[in-house]
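Biologist: Before I plan anything at the bench, I would like a careful look at one covalent feature of this protein and at what lies around it. Please take it slowly and keep every term explicit.

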Amino acid sequence: MKSLPPILLSLLLAACAAQPASEPGPILPKGPLHGRLEAGIYHDMRGWFDIATPIASSDPAYRTLAVNEEYDPNISFVSFLPTHAPGEYYRAYVEDFYGSNHPVPSMSTVADSAMKLFGKQLVQARLEPMRLIEEKPWTAGVTQGLLRLYKERVSMEDLLADLGMAEDYTAYILMYVTSDHGKVAVLWAEWPMGCKPCTPFPPGPAAKGDDPIDQALATDGRSGAFMASFRFGKD
């Protein structure tokens with residue numbers, strides 16, 4: 001077998017060098033039964049919604065982001081778990097009420113139901129019940145809805161058992177609910193405060209006053225951006 005001429009070999013090597021190495025990241029199964037990730041944006045399989053991953057695809061931590069989906073006849077659900085950062089959880093849940101021939105309930109009723117759905121296991125595993133700190137109308141990106149802030153004491157021993165830590169921390173939980181054309185969305189963002197060994201997270205915009213929700217958003221820059229990135233689809 002003849003070797004390549006030096007000039008052609010140089011061109012091939014230059015072309016390979018010019019190709020940027022793709023950053024490893026979360027991988028979803030391909031096919032019509034799954035959503036897809038494109039440049040850090042998750043698109044559910046039905047075209048009901050798009051939302052940015054809580055960690056940008058350009059961030060080295062993106063490679064450790066776990067993405068899990070669940071689909072029921074009238075429900076699309078995705079969760080994002082930054083495995084490098086224990087205590088952080090992000091979820092997007094969309095339900096088609098018209099598809100099940102049900103009227104859309106009030107946003108407060110939706111929020112109560114979502115807390116029962118997402119909070120049940122958390123409450124059972126933690127030190128104290130969740131405390132509702134504040135609730136108010138909210139605008140996130142192009143949507144309008146209701147935003148709630150909860151706090152809850154959590155055992156560090158459960159979170160970082162491998163490190164043998166026994167110090168407790170406070171979980172901050174923001175839950176945002178909104179709706180459009182019969183589809184109801186629930187967005188959940190949770191992060192640890194007062195957790196010395198936890199991975200630092202970027203701060204959000206500085207709070208302008210003493211409003212608890214504004215102050216919470218100032219502590220975690222991922223949560224506000226995650227919720228603001230949500231878009232209902234055209235389907």
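How many disulfides does a search of the whole structure find? Please describe what you find, and then the surroundings.

Modeller: This is a predicted model, in which local features need a pLDDT of at least 70 and side-chain atom pairs count only at pLDDT 80 or more, whereas totals for chains, interfaces and linings use all residues. Residues are numbered from 1 along each chain as its sequence is written, and side-chain values use heavy atoms, with hydrogens and water left out.

The search of the whole structure finds 1 disulfide, the term being used for a pair of cysteine sulfur atoms within 2.5 Å. The bond joins Cys195 to Cys198, with the two sulfur atoms 1.8 Å apart. The torsion about the S-S bond of Cys195 and Cys198 is about 70°, and therefore the disulfide is right-handed. Cys195 is buried, with a relative accessible area of 11%, and Cys198 also counts as buried, at 10%; here buried means under 20% relative accessible area, exposed means over 50%, and partly exposed is in between, with a 1.4 Å probe and protein chains only. For the background, 43% of the 235 residues of the protein count as buried.

One way into the surroundings of Cys198 is through Pro192, a residue of strand β10. The protein has 5 helices and 11 strands, which are DSSP runs numbered from the N terminus (H or I with at least four residues for a helix, E with at least two for a strand). Pro192 counts as buried at 4% relative accessibility, and, leaving aside residues up to four places away in sequence, Pro192 touches Pro86, Gly87, Glu88, Tyr169, Thr170, Cys198 and Phe201, where a contact means heavy atoms within 4.5 Å. Pro192 and Tyr172 are 20 residues apart in sequence, yet their C-alpha atoms are 6.2 Å apart in space. Over the whole protein, among contacts with a separation of 6 or more, those between residues 24 or more positions apart account for 56%.

Further along the chain, Pro202 is found in the loop between β10 and α4. In contrast to the buried Pro192, Pro202 is partly exposed, with a relative accessible area of 37%. Its partners, not counting residues up to four places away in sequence, are Thr219, Asp220, Gly221 and Arg222. Of these, Asp220 lies 18 residues from Pro202 in sequence and 5.9 Å from it in space, C-alpha to C-alpha.

Before strand β10 comes another loop, between β9 (169-180) and β10, and this is where His181 lies. His181 has a positive phi of about 50° although it is not a glycine, and at 67% relative accessibility His181 counts as exposed. Most residues other than glycine have a negative phi. A second case is Ala39, whose phi is positive at about 55° although Ala39 is not a glycine; Ala39 is placed in the loop between β1 (36-38) and β2 (41-43) and is exposed, with a relative accessible area of 74%.

Strand β10 also leads to the interior. The largest nonpolar core has 34 residues, of which Tyr42, Phe49, Ile51, Phe80, Leu174, Met227 and Phe230 touch the most other members. Strand β10, residues 183-193, supplies the largest share of this core, with 4 residues. A nonpolar core is a set of buried Ala, Val, Leu, Ile, Met, Phe, Trp, Tyr and Cys residues joined through side-chain atoms within 4.5 Å. Leu174 has among its contacts, outside the residues up to four places away in sequence, Leu187, Trp188, Ala189, Trp191 and Met227. Apart from the largest core lies another core, of 19 residues, including Val110, Ala114, Ile173 and Val186.

Finally, one of the core residues named above, Tyr42, is also a partner of Glu69, which touches Leu28, His34, Gly35, Tyr42, Phe77 and Val78, again not counting residues up to four places away in sequence. Glu69 lies in strand β4, residues 65-72, and counts as buried at 18% relative accessibility. Glu69 and Ser79 are 10 residues apart in sequence and 6.6 Å apart in space, C-alpha to C-alpha.
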